[in-house]
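Colleague: I would be grateful for a close look at a single part of this protein, taken together with its surroundings. Please proceed from the coordinates and connect the details into one account.

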Amino acid sequence: MKQIINTIIFIPILLLVYCSTPTREIKPLLARKPYLQCALKDSLTILWRTDTGTVCKVAYKPAAHGEWKSVEGNVRLTNTGVTENEVVLRDLEPNTPYRYKILTNDIDLLPDDTLWFRSPVSQKDSVFSFFAVGDIGEPIEEGGTPDLLAKALEPSVSSMNFGLLLGDIIYPDGKSEAYDSNLFNHFGSIFPYLPVFTVLGNHDWHEPENNYLKEWKLPHNEYYYSFDYGQAHFIGMDSKNGDFHEYEKQVEWLKSDLEAAQGNATWIIIFLHHNGKSCTYKEDYNNVMALYPLFEQYNVDLVLNGHAHTYERLNPMNGTGEVIPEYIGSSQVYHTPKGFISITVGSGGKLRGIGTDSKPFTPDPENCRHKDLVARAAHLWAFLKISVNGKQLKGESFATEDLHLVDEFTIHK
Ligand SMILES: [Fe+2]
């Protein structure tokens, strides 16, 4: 009898203790380290993933001064069943190193890490740099090298402002389930510190539900968008399978975006997955070449793409896709340049001829189907670093394996 009475008293007490325990005390586990998106003017979006969680916050402060502030964000369940934590920081001081902490259910998830970012430069600032590379997330067991790329970028993390990922980010099909194993798990020393802007490649489009949109936070409609960084205007486009997503609509948008950038930006840089003319093993994509007249008319300086798993810089072309005669050869320095320079940097992590691709591939600009087109080509893993300093833009391509300089060019305006 005494035992029954004890049980009757004990169970409600247990229930009371359980129900009054705040959910915030359930310790969430980190499922994906933080990554930085939408570095736009004075704001930045920080995302991370946890196994569970109801409340998320970022605590942050300028590294050299000031008090810690914190801002709450949103949590949501993802299509892979984990919790996405998203916090937008606003009113950041320009071009300033910040420290930050990520908290889910009020628990600092990386208490031993010194997390930091550099806020976007202001529009008055004329000095910044970024990396660009595509075709990254091939699984290592398939011969991919996302780990080598991340290691190669590591020494430059504190000296660069952001990165552009030029499509085909996750092989083979752009599935959400492969994002951590093929990409995020390797970029833990890059993505928590350096914001990235991405565009879709053909492989990212394999998933009909478009998992890509669930993994990234991007401006505008996320398929195509533009942003200003310092005195440069960037335009990301969605070339889908080479045929483009909403081609007519996207081109109309591009025209009006380019129109608005005239006179307001020192540099105009377009990034997308597919190439136009090229001497790589990929075909020339007509829908990209059809944009050349706009590139010339609206003073586009650089067009960066991936797709071909190699590195290739073309000589400046005019709106008809002809190399401007004075640039025929292998120029490295351009003064008051005419035309635009198109560069393929699909050399991120899936090299044709190395790994599981059986056909060896050697680019041969001499035998190119377009005479005089190529300024520099090299078949190796590489990434491109662009450094802008006012009216000077410097491009350097580095080999991922040993960081030797593969290509270098400078544009002076
Ligand atoms: Fe591709």
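Modeller: The account below begins with one β-α-β unit and then turns to the loops and to the contact between the domains. The model is a predicted one.

The part in question is built from strand 10, helix 2 and strand 11, which together form a right-handed β-α-β unit. Strand 10 spans residues 127-133, helix 2 covers residues 146-153, and strand 11 consists of residues 162-165.

Strand 10 is a suitable place to begin. Five of its seven residues are buried, so strand 10 is largely enclosed by the rest of the structure. Strand 10 pairs with strand 11 in the parallel sense, through four bridges; in this pairing Phe-130 is found opposite Phe-162 of strand 11. Strand 10 also pairs with strand 21, here in the antiparallel sense and through six bridges. Val-127 faces Asn-389 of strand 21 in that arrangement.

Helix 2 comes next. Its buried residues are Pro-146, Leu-149, Ala-150, Ala-152 and Leu-153. These residues lie on the same side of helix 2, because the arc they cover around the axis is only 160°. As a general matter, an α-helix has 3.6 residues a turn, so residues three or four places apart point the same way. The cover over the buried residues of helix 2 includes strand 10, helix 3 (179-182), strand 21 (382-389) and strand 22 (392-399). Strand 10 thus appears both in the β-α-β unit and in the cover over the buried residues of helix 2.

The loops add some backbone detail. Most residues other than glycine have a negative phi, and most peptide bonds are trans. Asp-135, in the loop between strand 10 and helix 2, has a positive phi of about 60° although it is not a glycine. Asp-135 has 29 other C-beta atoms within 10 Å; the threshold for burial is 20 or more, so Asp-135 is buried. Beyond the unit, in the loop that links strand 11 to helix 3, lies Pro-172. The peptide bond between Tyr-171 and Pro-172 is cis, with omega about -5°.

Two further loop residues may be set beside these. Phe-244 is located in the loop between strand 14 (232-236) and helix 5 (247-261). Its phi is near 70°, a positive value in a residue other than glycine, and Phe-244 is buried, with 23 other C-beta atoms within 10 Å. Pro-325, by contrast, counts as exposed, with 9 C-beta neighbours inside 10 Å. Pro-325 belongs to the loop between strand 17 (311-314) and strand 18 (333-335). Its C-alpha atom is separated by 9.6 Å from that of Asn-315, a residue ten positions away along the chain.

The wider setting is a division of the protein into domain 1 (25-118) and domain 2 (127-412). The C-alpha centres of domain 1 and domain 2 are 28 Å apart. Their contact involves 20 residues from domain 1 and 19 residues from domain 2. On the side of domain 1 that touches domain 2, strand 1 (30-40), strand 2 (43-50) and strand 9 (115-118) each contribute at least two residues. Strand 1 gives the most to that side, with nine residues. By class, the side of domain 1 that touches domain 2 comprises eleven nonpolar, five polar and four charged residues.

Notes: Residues are numbered from 1 along each chain as its sequence is written. This is a predicted model: local features need pLDDT of at least 70, side-chain atom pairs count only at pLDDT 80 or more; totals for chains, interfaces and linings use all residues. Domain bounds come from an automatic or database domain assignment. Two residues are in contact if their C-beta atoms, placed from the backbone, lie within 7 Å. Ala, Val, Leu, Ile, Met, Phe, Trp, Tyr, Cys and Pro count as nonpolar, Asp, Glu, Lys and Arg as charged, and the others, Gly among them, as polar. A residue is buried if 20 or more other C-beta atoms lie within 10 Å of its own, exposed if 12 or fewer, and partly exposed in between; C-beta atoms are placed from the backbone. The arc is that of the directions from the helix axis to the C-beta atoms. Two strands pair if DSSP finds at least two bridges between them. A crossover is right-handed if, with the strands pointing away from the viewer, the path from the first strand over the helix to the second runs clockwise.
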